[in-house]
Amino acid sequence: MHRDNKHLLYPLGCNIIIEDVSTGKPENVLAAHSDVVTCLAIDNTGNYIASGQVTYMGFKAAIVLWDYETKKPICELSLHKVKIEALAFTLDSKYLISLGGRDDGSVIIWNLAKKEALCGSSAQVDSAGITHCLASSRALNDVFVTAGNDTLRVWQLDAPNRKIRPTDVQLGGGIKREVICIEVVDHLFEPGYVFCGTTSGDILGINMKSCFLQFLVPHKERFSLGVSALSFIAAQDCHTLEFLLGTGDGLLGRYEIKISRDKKDKIVATLKHKAGLQPWQDEKKSGQKSAINSIAKRGKGHMFFVGTENSQVYRFNFAELKAELIKTCHWSQVNDIAFPNGFSEVVVTCQEEEIRVWHLTTGTELRRYTVANMTCNALCIDKSGKLIFTAWNDGRVRVLGFGKNPKTKQLEMVEKFVIRDAHNKGVTAIAVTNCGTKLITGGGEGQVRVWKLSTDLETGIAARADLVENMKEHKGSVTAIQVHPEDKECVTASTDGSTIVWDLNTCSRKQIFLANTLFKCVCYGAKGIHILTSGTDRKVAFWDKTDGILLRELEGSKGAINAMDISCDGTIYVTGGEQKLLKVATYEEGTTTHVGVGHSEAITKHWKFVQKPLLSLGEEGTAEDVGGGVSLPGLPGSDLKTTLIIEKNDIETENNACSVLLIESLPSGLYVDAFQLESHAKMGGPKVLTDMPVDTEAPEYLSGQHELYVFATIPPEKLVSSEVMVTISLPVHARYHKPSIDVDKIYVPIVMYHPRVLLNCSKQESRKVEAPCDDQNMSVCSWAEVTYRSDSHFVEFQVPVGYVYDTRVVVFGTSVVIILGCSFLLYIIAFFDNWKIKAKES
């Protein structure tokens, strides 16, 4: 919870969501991380947000420091390896403390003013386990605590000498614990205490002054699956403290810790729940043992929010301890998605153990069906929308419908019938015909089975399934099935590198396509005459369904393509996979028109086209509403135009002068010509300053990224209108690229992100930035960096490249042209000299 008590912050994949508590709607999405966000921290002033992420083994994980007012990243801090485990600001907000994960094991202090590391140290001794959590003191600017598996330390920061000095807490009596949460209470009385929740289900009370264990509660009946979250509420006096406590099995309660001394002057403590209240546990989820991960108080705690391990967010009333589920999403990889026929307001998704029905407009979960310890691999909905066919890894097909619960009288998802032992290695793909009379399933053993659906006369829906045919052609797992619109045939893809078209009337093979890849997805092309396939070879292949000929093959991604679908009118198709990007391309030309950015993990099996928006599924358990960037066919040299529309209320017009500074970051594949920019400025164009000399002859692979400072002035006559429109044109050129080894890869993409926009006349409370005053770079001025909305995240240029195997032809042709050209020039020179001599003689 932010310090203003109006906004709730939580990570969603690689993004951070800022949500208005009163409306329950996201206001901002902070996107700067390249992988899953693992931790968040807000400083005591509310001006800064810090977020950490996880990354690949061997790489450094990034910490991003955000400005809360502008919602822009201030800087990126990278020293920890693989994962950021925890973050905390010091009391005075001058320093940020970061804790690395198991592959790093270090604590680092960051100086926020200088945006650099101040000092660091190993988080634990070599004989201890992994450090899990971190908390800073509420009373002292230079004290913080770390804890984990058999390690508990109180640290002292010595900023002038750039040192941190740990003091190991003595538990004594052979006590060993793994601490997973910390709450420091040292600002109300002396001595202060550190309360540590452990996996053993008890709480350690540590004296901050002596660094000794003072007490341990409860003594007998410990909490099941450990104490996973602690939040201090209030202290009635120095002997009675009230906490919100969450456990590993989803229990939450208001507990009081009473500290006293016995007859021998020994400190003793007791833990009791608040009288008149019962601990809370979600009855629907209690069987899943979903741990409570975090507790966020609003104000002094009259309202608080609780986040759980299975991605649920609850809003609690503190007085009555009553909860309301306000947010939920999948907690593991989403495997499949399906829409009812002709209806895009409701969507059905599946994951490990669960199938969920969502209302797409509001994003709320409507119904849920659970099978413990099983995974739903795929699902489909019949044309009537009354039955959901689901494929599970236990080899069963569970057919679900909707019916009233006799106890609650509410409409719920119920099991209509089950096809047992449908496949002996799990059901991996499923599809139903449009007429609803046949069901096609694929298994992990490679078999494709056709089932006849028998309809119940009373209900008019399928009530049983009988096996019609077992087709054995594939040698690997069946990954995708799609039925032809006319129900006469279907096509299946497999990891054995084969795609087969089956006749559903005769249950025999009509055509087979073979490729050196693991096919992940397949679909019918325009009018059902083409077959589109993709897989681990990163290509989208177009096949002729009749002859089995490969018509064309396009480069679709830099990683394996896991999902593909085509629009209803057959004009565009989408692909996505390991690259984490959703790409929209035209069917006829095969050129990429839009790119969707948002997933932090690979896009998984399927998505479906609906009228609006387009949904994709990721391994991080989210469904993304894809917007994305704009891709343009590039030219070797053209003008890049940036249009800014600024409201008059946001501009200070007293001096009748306003300047705009765009800081453009050009990728290595683009460059600008300094002489062209100079002549362009003389003809009324913007003045440009480069951060380094630009080599216009260097190819792309020998060049680097460079920044441009583009200066433009808003004329006084434009400041009169309600909206000020500024168009800045910048001539850019594409560099030479390495020739492609793929004959079909005739273009390479160059991605250019939007610039930073700075004004010297802004009324917004923006972050001040020091930047050159003009293109002469003689002095530095203070500019206001403004936030803006854009139609797209980036611009992508398509630059033509050559074919590597044409190198000899190109070299030979170039040599011949050079020789002929030089010979012609020599002939002209000789002829001119002879003519000149003859002219003199005459």
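**View 1. Arg-254 and Glu-242 meet side chain to side chain in a salt bridge, 2.9 Å from N to O.** A salt bridge here is a side-chain nitrogen of Lys or Arg within 4 Å of a carboxyl oxygen of Asp or Glu. Arg-254 sits in strand β22 (residues 252-261) and Glu-242 in strand β21 (residues 240-247), so this pair ties together parts that are 12 residues apart in sequence. Strands are DSSP runs of E with at least two residues, numbered from the N terminus. Both Arg-254 and Glu-242 are buried, where buried means under 20% relative accessible area, exposed over 50%, and partly exposed in between (1.4 Å probe, protein chains only). Keep in mind that this is a predicted model: local features need pLDDT of at least 70, side-chain atom pairs count only at pLDDT 80 or more, and totals for chains, interfaces and linings use all residues. Residues are numbered from 1 along each chain as its sequence is written, and side-chain values use heavy atoms, with hydrogens and water left out.

**View 2. Glu-365 and Arg-356 form a salt bridge at 3.3 Å, N to O.** Arg-356 is buried, at 0% relative accessible area. Zoom out a little and there's a network: salt bridges link Glu-354, Arg-356, Glu-365 and Arg-368.

**View 3. Here the salt bridge joins the side chains of Glu-85 and Lys-83, at 3.8 Å from N to O.** Glu-85 is partly exposed, with 22% relative accessible area. Lys-83 is partly exposed too, at 31%. For the whole model, the salt-bridge count comes to 24.

**View 4. Strands β35-β36-β37-β38, in that order, make an open sheet of 4 strands with antiparallel pairing.** Two strands count as paired if DSSP finds at least two bridges between them. At the edges are β35 (427-432) and β38 (462-472), each pairing on one side only. Neighbouring strands are turned by 25° against each other on average, direction ignored; the axes are lines fitted to C-alpha atoms, and angles run from 0 to 180 degrees between N-to-C directions. β35 pairs with β36 (residues 438-443) in the antiparallel sense over 5 bridges. Look for Ile-430, whose bridge partner in β36 is Thr-441.

**View 5. Another open sheet has 4 strands in the order β12-β13-β14-β15, again with antiparallel pairing.** β12 (131-136) and β15 (163-168) are the edge strands with a single partner each, so one side of each has no neighbour in the sheet. From one strand to the next, the twist averages 25°. In the middle, β13 (residues 143-148) and β14 (residues 151-158) run antiparallel, joined by 6 bridges. Ala-147 stands opposite Leu-152 in β14.
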